[in-house]
Amino acid sequence: MTKRKNGVEGIDDGALKKRNTSEKSDGRPWSELPMDLLGDISRKLNLVDHLAFGGVCRTWRMSALASERDVIASQPPLVVLPSVSADKVLSLYNIFEENTYQIELPTFASKECCGLSSGYLVFQDRKGQDELWLINPITRHELKFPTPPTNISHATITSPTTPSDSSIVALSKDFVRLLFYRPSDDKWTIYKTPEPKCFYADIIVFKGQVYVLTCNGKIWNLRLQSDASLTLFAVCDNPVRCSTILRRFSFQYRPNVFLVASDDELLMVNFRVFTRPKIFKVDLQTRKGVVTNTLGDKALFIADMSRALISNPTKWGGHNNCIYALDYYLDPIYVLSLEGKILQTLKDTGSSSCRKCTFYSSYWYFPNKCFHVDFLNEN
């Protein structure tokens, strides 16, 4: 096994070509295997093996492309573990198989990740000099946006299919400003917090709308048409508190409240490790958040940088109706019940070493989001 040009650990092209040409004249080349058989094989591979499979030859590539969406959509959440020793290697850790895959990207030296959206990692230059760089490590597609006026966090894009249609929304790193850039803009637009003594907490695109959460449990609707506006959309009872943490010898605001969505529901979650979470299901009709005590057959995957509600993780050997918590200060991954009790402690992924790297902490990557597009509906 050798490293391929596309950066995935896989099968060497030259070795395969040599093997094919040396086959006996009455043998059948690997490139001429039946497409049905190739399809069956490709759908049984894990993510990185599937990428390597598609790089063997033209026929195998066609088979891999045909099954690409199904294979990627079937992958479990992965933990991003950047390499300490390299600026181009992104490590993805599968908690269910306890395997680590490495993918080579263009260099991200001097950059830090400030968001994850629709399968794209959002990188900003630490000195604020270069453009925002977005790359999907699975599809290899890239996007770029102008340099924001301040360091940002929680960046999300609205329509990732083509650069000309994409807007980007983010929070300032101190969570006191909301920023966005649209294709028609010549500069970023900045909104201060809509209420005094209030911080921004999270952003999400759901059912064609951009929703912004503030730390007092209020959800705001950001409209990105020509006359942009930020209006109150929904309120969750019993406003929640957020906290500060000591990070690299300086106090930094850290939200404990998040917005999380699946295909059919929007949740606001108030969560701290080892405490009972408070989960609100947002009713889009009444515009109120109603407390719910169950996630059904879903599980909530939470980290500082990324969150998602995943259906039926039991298919990978996981648990339903629980929370997978990847915390900055805790190396193990904890599987917690909705009462805050520990159900399982998963293997140390090496997140402590990541604090020395380009990223402040490890976080979840969701392959099933790679082809998820939630276009804005401004009607």
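**Close-up 1. Asn 270 sits in strand S21.** Start here, in a model that is predicted rather than solved by experiment. With a relative accessibility of 17%, Asn 270 counts as buried, because buried means under 20%. Now look for Phe 258: Asn 270 and Phe 258 are 12 residues apart in sequence, yet 6.7 Å separates them in space, going from C-alpha to C-alpha.

**Close-up 2. Ser 262 is found in the loop between strands S20 and S21.** Strand S20 covers 257–261 and strand S21 covers 266–270, with the loop in between. Is Ser 262 buried or exposed? Ser 262 is buried, since its relative accessible area is 11% and the cut-off is under 20%. Its side chain makes a polar contact, at 2.9 Å, with the side chain of Asp 264. Leaving out residues up to four places away in sequence, Ser 262 also touches Phe 206, Lys 298 and Leu 309.

**Close-up 3. Strands S8 and S9 make a hairpin.** Strand S8 (residues 132–135) and S9 pair in the antiparallel sense, and four bridges join them. To find one of these spots, go to Trp 133, whose bridge partner in S9 is Lys 144. Six residues lie between the two strands of the hairpin, and Arg 140 takes a positive phi near 70 degrees. Next, check the side chains: in a regular strand they alternate between the two faces of the sheet. Strand S9 (residues 142–145) has Leu 143 and Phe 145 on a covered face, while Glu 142 and Lys 144 are on an uncovered one.

**Close-up 4. Five strands line up in an open sheet.** Reading across, the order is S25-S24-S26-S27-S28, and the pairing is mixed. Which strands stand at the edges? They are S25 (307–311) and S28 (342–346); each has a single partner strand, so one side of each has no neighbour in the sheet. On average, neighbouring strands here are turned by 20 degrees against each other, direction ignored. Further in, S26 (residues 322–326) and S27 (residues 333–336) pair in the antiparallel sense over three bridges. Ala 325 stands opposite Tyr 334 in S27.

**Close-up 5. Rings meet rings in eight aromatic pairs.** Take Tyr 181 and Trp 188: their ring centres are 5.8 Å apart and their planes are at 45 degrees, so this pair is tilted. Both Tyr 181 and Trp 188 are buried. Then compare Phe 301 and Trp 364, with centres 5.0 Å apart and planes at 90 degrees, which makes the pair edge-to-face because the angle is over 60. Phe 301 is in strand S24 (residues 298–303) and Trp 364 is in strand S29 (residues 363–365), so the pair ties together parts 63 residues apart in sequence. Phe 301 and Trp 364 are both buried. They also belong to one aromatic cluster, along with Phe 96, Trp 316 and Tyr 324.

**Close-up 6. The largest nonpolar core holds 37 residues.** Nonpolar side chains tend to be buried together in soluble globular proteins. Which residues have the most contacts inside this core? They are Val 79, Ile 95, Leu 121, Ile 138, Phe 301, Tyr 324 and Trp 364. Strand S3 (residues 78–82) gives the most to the core, with four residues. You've met Phe 301, Tyr 324 and Trp 364 already, as members of the aromatic cluster.

How values were computed
Residues are numbered from 1 along each chain as its sequence is written. This is a predicted model: local features need pLDDT of at least 70, side-chain atom pairs count only at pLDDT 80 or more; totals for chains, interfaces and linings use all residues. Side-chain values use heavy atoms; hydrogens and water are left out. Two strands pair if DSSP finds at least two bridges between them. Axes are lines fitted to C-alpha atoms, for helices over the stretch in contact, and angles run from 0 to 180 degrees between N-to-C directions. Rings of Phe, Tyr and Trp (its six-membered ring) pair if their centres lie within 6.5 Å; planes under 30 degrees apart count as stacked, over 60 as edge-to-face and the rest as tilted. Buried means under 20% relative accessible area, exposed over 50%, partly exposed in between (1.4 Å probe, protein chains only). A polar contact is a pair of N or O atoms within 3.5 Å; within protein, one must be able to donate a hydrogen and the other to accept it, and residues adjacent in sequence count only if both atoms are side-chain atoms. Contact means heavy atoms within 4.5 Å. A nonpolar core is a set of buried Ala, Val, Leu, Ile, Met, Phe, Trp, Tyr and Cys residues joined through side-chain atoms within 4.5 Å.
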